[in-house]
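Let's take a walk through a protein, one piece at a time. Keep the picture open beside you while you read.

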Amino acid sequence: MPIRQLPDTLINQIAAGEVVERPASVVKELVENALDAGARRVEIDLEEGGIRLIRVRDDGGGIAPDELPLAVSRHATSKIASLDDLEAVATLGFRGEALPSIASVSRFMLASRRTDAEHGAALHVDGGRLGEVAPKPHPQGTTVEVRDLFYNVPARRKFLRAERTELSHIEEWLRSLALARPDVELRVSHNGRPARRYRGDGILASTDRLFETLGEEFAKHALRVEHSGAGLRLHGWIAQPVYNRASADQQYLYVNGRSVRDRNVAHAVKQAYADVLFHGRQPAYVLFLELDPRTVDVNVHPAKHEVRFRESRLVHDFVYRTLHAALAETRAGLSAESAA
Ligand code: ADP
Ligand code: MG
């Protein structure tokens, strides 16, 4: 075969392989866009675990009608304009590939009205084929509808699980978001029924959200962590060792507000718990690490599940020392017990 340039739709479908794994990844991308647009309230309607429908409605800044086609174009973003911007990026998105990817593997609709505009507009995209922008009444903010995910990619559709399973992946992601953003109201409905509601009046340092998301037991045993030094800040909650888990299912880490998995930090936490936790048991925590964005690379993975620290040793030691100190009283209690 001769070498040829692939058509845009196919390029987007290939990219979708990295960004869109399942309905939960679509929910993540759409809700993150809503947050980047300054939304205070996000409504998420799902049908059949998101496979049939995902609709995300926000009250954020909106998109101008003539920019709707750009929003679904590859590598088009309003969030960065230069490498400098990328290095200090504060938004959740910046790659400009989520909407084009999602729109290339679903029946897609984007409707929006900007704060300062009189009228709203909508754009339909079917399996990557763009329609025309048409006027459409819309409250301030944006609605994105994603129907029949992977309807045109049978190989991917085959990997979708039962409705229940897909829904639980969505709920898990929403839980991690709700922990980080108690200031945003989140409403979820499934198959026409209200399924979950997180009120948007929470305060970050209160344990209400912990209680709501991770349950009474975690909240009851939560130790507040708050420590700064060497340009780093770590805050949040760790559970007292008496509250521990069989798996790593309650380990939430956020780096500059972004929910990530990081082996380096997970290891530091584990070490801090080493002498107070039974072998094989897992600690539970909700930790927010904040540091100069120029010292973390968030552009490691298309779905941004991972970050890379410039000084990973420093981060490791900071986390370890902070948590080791936070657990000191527990440790003292333990040795008093064993001495008695
Ligand atoms: P990225 O988030 O990386 O910029 P996306 O493909 O997710 O890329 O979105 C493309 C662009 O569309 C965004 O940069 C933003 O300008 C616009 N956009 C997407 N969703 C929304 C929304 N809910 N509200 C306002 N603007 C949005
Ligand atoms: Mg985005």
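With 11 C-beta neighbours inside 10 Å, does Ala230 count as buried or exposed? Ala230 counts as exposed, because a residue with 12 or fewer such neighbours falls in that class. You'll find Ala230 in the loop between strand S10 and strand S11 (232–239). Before going further, keep in mind that this is a predicted model.

**The whole protein**

Let's step back for a moment. The protein has 12 helices and 16 strands. Its C-alpha atoms fill a box of roughly 75 × 45 × 45 Å, taken along the principal axes. A compact globule of 340 residues would have a radius of gyration near 20 Å, and the protein's 22 Å agrees with that. As for what's tucked away inside, 37% of the 340 residues count as buried. Now take the contacts between residues at least 6 apart in sequence: 68% of them join residues at least 24 apart.

**A sheet of five strands**

Now for a sheet you can trace with your finger. It is an open one made of 5 strands, in the order S10-S11-S14-S12-S13, with mixed pairing. Strand S10 (222–229) and S13 stand at the edges with a single partner strand each, so one side of each has no neighbour in the sheet.

Have a closer look at strand S12 (residues 251–255). Why is S12 described as largely enclosed by the rest of the structure? The reason is that 4 of its 5 residues are buried, and a residue needs 20 or more other C-beta atoms within 10 Å to be called that.

S12 pairs with strand S14 (residues 285–291) in the parallel sense, over 5 bridges. Here Gln251 stands opposite Tyr285 in S14. S12 also pairs with strand S13 (residues 258–259), this time antiparallel and through 2 bridges. In that pairing, Val255 has Arg258 as its bridge partner. As a general point, side chains in a regular strand alternate between the two faces of the sheet.

A helix belongs in this picture too. Helix H7 (residues 163–180) lies across S12, S13 and S14, and runs at about 55 degrees to S12.

**Another hairpin, and a glycine**

Strand S8 (residues 185–190) and strand S9 run antiparallel and are joined by 5 bridges. Within this pair, Arg187 has Arg197 in S9 as its bridge partner.

If you carry on from S9 (193–198) towards helix H8 (208–214), you reach the loop that holds Gly202. Which residues does Gly202 touch, leaving aside its neighbours within four places in sequence? Gly202 is in contact with Pro182, Asp183, Asp208 and Arg209. Take Asp183: it sits 19 residues from Gly202 in sequence, yet their C-alpha atoms are 5.4 Å apart in space. Gly202 has 18 C-beta neighbours inside 10 Å, so it counts as partly exposed.

**Residues with a positive phi**

Most residues other than glycine have a negative phi. Here are some residues of this protein with a positive value.

| Residue | Phi | Where |
|---|---|---|
| Glu48 | near 50 degrees | loop between strand S1 (41–47) and strand S2 (53–58) |
| Asn191 | near 50 degrees | hairpin of S8 and S9, with 2 residues between the strands |
| Ala230 | near 55 degrees | loop between S10 and S11 |
| Asn256 | near 50 degrees | hairpin of S12 and S13, with 2 residues between the strands |

You've already met Ala230, which counts as exposed. Glu48, on the other hand, has 17 other C-beta atoms within 10 Å, so it is partly exposed.

**Around the ligand**

Last stop: ligand 1. How many residues lie around ligand 1? There are 21, and Asn33, Ala37, Thr77, Gly93 and Ala98 come nearest. The shell divides into 7 nonpolar, 9 polar and 5 charged residues. Helix H2 (23–36) and helix H5 (98–103) each supply at least two residues of this shell. H2 gives the most, with 3 residues.

Note on methods: Residues are numbered from 1 along each chain as its sequence is written. Chains are lettered from A and ligands numbered from 1 in the order in which they are written. This is a predicted model: local features need pLDDT of at least 70, side-chain atom pairs count only at pLDDT 80 or more; totals for chains, interfaces and linings use all residues. A residue is near a molecule or strand if its C-beta atom, placed from the backbone, lies within 6 Å of it. Ala, Val, Leu, Ile, Met, Phe, Trp, Tyr, Cys and Pro count as nonpolar, Asp, Glu, Lys and Arg as charged, and the others, Gly among them, as polar. Two strands pair if DSSP finds at least two bridges between them. Two residues are in contact if their C-beta atoms, placed from the backbone, lie within 7 Å. Axes are lines fitted to C-alpha atoms, for helices over the stretch in contact, and angles run from 0 to 180 degrees between N-to-C directions. The radius of gyration is taken over C-alpha atoms; the globule rule is 2.2 Å times the number of residues to the power 0.38.
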